[in-house]
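Please work through the following exercises with the sequence and the model side by side. Each task is followed by a solution that proceeds step by step.

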Amino acid sequence: MTPPARIDVHQHVIPPDRSRAIADRAAALGWPAPAWDEQSAIAMMDRRSIATGVLSYAAPLAAPDDPAGARDGARSVNEFTAELVKDRPDRFGHFAALPLPDVDGALAEAAYALDVLRADGVMVLSNAQGRYLGDPAFEPLWAELDARAAVVLVHPTAPPGTMVPGLPSPLVDFPYDTARTALHMAVNGVPGRYPRMKLILPHAGGFLPFAAQRFAVAAHLHPGSTPESLQSELRRFYFDTALSAGPAALPSLLAFAAPEHVLYGSDFPMLPEDWSTGFDTGLDEYQHWQDGQLHAINRGNAELLIPRLAQI
């Protein structure tokens, strides 16, 4: 690898006992079944100049009517991932899964993951069984994560409703759901109320940068808010580049996001490697980088969010 190698804040783990469930979910979403193991992940990172991948399990943990199963699933996934990081702290990081909408379970798992497993942050899905993240019921979790200055990956999932036939949910619906939950959080003041919590939106925030000015019109529906203040709230989010480093998406992202809020993401293995290398090329060959900007996206901004990775 040619230094400085990338830090990938959007890389996934599939524990062996969950590979069948992930394959079944991918099929239901119209997406190819991903495969994962430690050796193939490291080989992929070596090919793509990724020094460290921060792993997350981006899928429901149990059936909607099984909160106990979700708690057990989160603990199992998080302990599996923590062992990977313990063995290879240079190559892997860990965003711990939380069993929302069970707030008490999520609080308990966040404390265990951050204090005992030494996770680098946590991961939540963009909606929890149809409940979006600006819901007041989730306030105790945001308050706790803010008190810990935690990094939170907000990973998209399928929105409520039926998938359009022939249009896989990860391709079309996930960016929609990311923008939906981000706007819901911003309208409800979550990022500004909890400024020490760092919220990462994958895939360049879905449609958010492109449509932020349109979304800011929502301020007129909320007394005490203005389009300018709502846009400022939306700019508190961080954004990764997975599936988004194209000639149309990059200018929109860079025009909207704060410079230190753009991070590298691969989305491996949910995005097959041979589908994704063009996005790496899009980053490397973009013609309008300012001095130091590409380094900041590839690595520097992630080092500020997760300082231990600056030592690797």
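## Exercise 1: Unusual backbone geometry

Pro269 lies in the loop between E10 and H11. The model is a predicted one, and the values below are computed from it.

Task: Determine which peptide bond at Pro269 is cis, and what its omega is.

Solution. The bond to examine joins Phe268 and Pro269, and it is cis, with omega about -5°. A further cis peptide bond runs from Leu100 to Pro101, where omega is near 15°, and Pro101 has its place in the loop between E3 and H4. As background, most peptide bonds are trans, and most residues other than glycine have a negative phi.

The next step is to turn from omega to phi. Gln129, in the loop between strand E5 (127-128) and strand E6 (131-132), has a phi near 55°, a positive value in a residue other than glycine. Ala204 likewise has a positive phi, near 60°, and belongs to the loop between strand E8 (198-201) and helix H8 (208-215). With a relative accessible area of 6%, Ala204 is buried, because buried means under 20%.

## Exercise 2: The sheet and its strand E4

Task: Establish in what order the eight strands form the open sheet, and which strands stand at the edges.

Solution. The order is E1-E2-E3-E4-E7-E8-E9-E10, with parallel pairing. Strand E1 (6-12) and strand E10 (262-263) stand at the edges; each has a single partner strand, so one side of each is left without a neighbour in the sheet.

The pairings can then be followed from strand to strand. Strand E2 (residues 50-56) is joined to E3 by three bridges, in parallel, and Leu55 has His94 in E3 as its bridge partner. Strand E3 (residues 92-97) is in turn joined to E4 by three bridges, again parallel, with Ala97 partnered by Met123 in E4. Between E4 and strand E7 (residues 151-155) there are four bridges, and these strands also run parallel; here Leu125 stands opposite His155 in E7. The connection from E3 to E4 passes through helix H4 (residues 103-115), and the three elements make a right-handed β-α-β unit.

Task: Decide how many of the residues of strand E4 are buried, and which residues lie on each side.

Solution. Strand E4 (residues 121-125) has five of its five residues buried. Sorting them by face puts Gly121, Met123 and Leu125 on one side and Val122 and Val124 on the other, so that both faces of E4 are covered.

## Exercise 3: Nonpolar cores

Task: Name the residues with the most contacts inside the largest nonpolar core.

Solution. The largest nonpolar core has 75 residues, and those with the most contacts inside it are Leu100, Trp142, Leu145, Leu208 and Phe237. Taking Leu145 as an example, and not counting residues up to four places away in sequence, one finds that it touches Ala110, Leu114, Val122, Ala150, Val152 and Met197. There is also a second, separate core of 15 residues, which includes Phe95, Leu263, Ala302 and Ile306.

## Exercise 4: Aromatic rings

Task: Find how many aromatic pairs a search of the whole structure gives, and work out why the pair of Trp31 and Trp275 is classed as it is.

Solution. The search finds four aromatic pairs. For Trp31 and Trp275 the ring centres are 5.3 Å apart and the planes are at 80°, so the pair is edge-to-face. Trp31 lies in the loop between helix H1 (19-28) and helix H2 (38-47), while Trp275 lies in helix H11 (residues 273-285), so the pair ties together parts that are 244 residues apart in sequence. The two residues are then assessed for accessibility: Trp31 is buried, with a relative accessible area of 14%, whereas Trp275, at 43%, counts as partly exposed.

The rings of Phe239 and Phe256 have their centres 6.1 Å apart and their planes at 80°, so this pair, too, is edge-to-face. Phe239 in strand E9 (residues 238-240) and Phe256 in helix H10 (residues 249-256) are 17 residues apart, and both Phe239 and Phe256 are buried.

Task: Identify the ring over which the charged end of Arg75 sits.

Solution. The ring is that of Tyr112, and the charged end of Arg75 is 3.7 Å from its centre.

Technical notes: Residues are numbered from 1 along each chain as its sequence is written. This is a predicted model: local features need pLDDT of at least 70, side-chain atom pairs count only at pLDDT 80 or more; totals for chains, interfaces and linings use all residues. Side-chain values use heavy atoms; hydrogens and water are left out. A nonpolar core is a set of buried Ala, Val, Leu, Ile, Met, Phe, Trp, Tyr and Cys residues joined through side-chain atoms within 4.5 Å. Buried means under 20% relative accessible area, exposed over 50%, partly exposed in between (1.4 Å probe, protein chains only). Contact means heavy atoms within 4.5 Å. Helices (H or I, at least four residues) and strands (E, at least two) are DSSP runs, numbered from the N terminus. Two strands pair if DSSP finds at least two bridges between them. A crossover is right-handed if, with the strands pointing away from the viewer, the path from the first strand over the helix to the second runs clockwise. Rings of Phe, Tyr and Trp (its six-membered ring) pair if their centres lie within 6.5 Å; planes under 30 degrees apart count as stacked, over 60 as edge-to-face and the rest as tilted. A charge sits over a ring if NZ of Lys or CZ of Arg is within 6 Å of the ring centre and within 35 degrees of the ring normal.
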